[in-house]
Amino acid sequence: MSYSQGMTIDSILSQLDSEIARLTQVRSLLASSAKATSKLAVGKGAKATAKRRKKRVLSADARKRIADAQRKRWAAQKAKSKKES
C-alpha cells in the first residue's frame with residue numbers, strides 16, 4: 001500500500017500523539033471537576049435522603065370518601081351549569 005498522495009505515517013503518528021495529549025488533558029480536567037462535584041453531591045445527598053418523607057398511603061375507605069366527595073362536587077357543578085343554560 002502506498003500513501004504517497006495522502007499523509008505520511010510519521011505525520012499521522014504525530015497528529016495522533018497530539019490528539020492523545022489533548023484528550024488526556026481534557027480527561028484530567030473532567031476527572032478533577034467530577035471529584036469536586038461528587039464531594040458536594042455526597043454532602044447534600046446525605047442530608048436530602050435523611051429528610052425524605054415516607055410515601056403516604058391512603059386506605060381504601062379514605063380513597064372512597066375522597067372519590068365520593070369529588071363526584072358530589074362534579075354533580076353540583078353540572079347542576080349549576082344546567083340551571084344557567
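Here are a few notes on this predicted model, going from the overall picture to the charged pairs.

1. Overall make-up. The protein chain has two helices and zero strands. Of its 85 residues, just 1% count as buried. The accessible surface comes to about 8600 Å², and carbon and sulfur atoms account for 61% of that.

2. The greasy bit. Met7, Ile9, Ile12, Leu13, Leu16 and Ile20 make a nonpolar surface patch of about 530 Å². Take Leu16 from that group: it sits in helix α1, residues 9-51, and is partly exposed because its relative accessible area is 45%, between the 20% and 50% cut-offs.

3. Salt bridge in helix α1. There are four salt bridges in the structure. One of them pairs Arg22 with Glu19, with the closest N and O atoms 2.7 Å apart. These two are three residues apart in helix α1, so about one helical turn separates them. Both partners are partly exposed: Arg22 at 43% relative accessibility, Glu19 at 34%.

4. Asp61 and Arg65. Over in helix α2 (residues 60-84), this pair is four residues apart, about one turn of the helix. Their salt bridge has its closest N and O atoms at 3.9 Å, worth a glance given that the cut-off is 4 Å. Asp61 counts as partly exposed at 48%, while Arg65 counts as exposed at 53%.

5. The Asp68 network. Asp68 forms a salt bridge with Lys64, the closest N and O atoms lying 3.0 Å apart. Again the spacing is four residues within helix α2, about one turn. Lys64, Asp68 and Arg71 are joined into one network by salt bridges that share partners. Asp68 itself is partly exposed, at 35% relative accessibility.

Conventions
Residues numbered from 1 in each chain as written. Predicted model: local features only at pLDDT ≥ 70, side-chain atom pairs only at ≥ 80, totals over all residues. Heavy atoms only, no water. Patch = residues over 30% accessible without salt bridge, like charges linked within 9 Å, V, L, I, M, F, W, Y side chains within 5 Å. Areas by Shrake-Rupley, 256 points an atom, 1.4 Å probe, with all protein chains shown as cover. Salt bridge = Lys/Arg side-chain N within 4 Å of Asp/Glu carboxyl O. Buried < 20%, exposed > 50% of the residue type's maximum accessible area, 1.4 Å probe, protein only.
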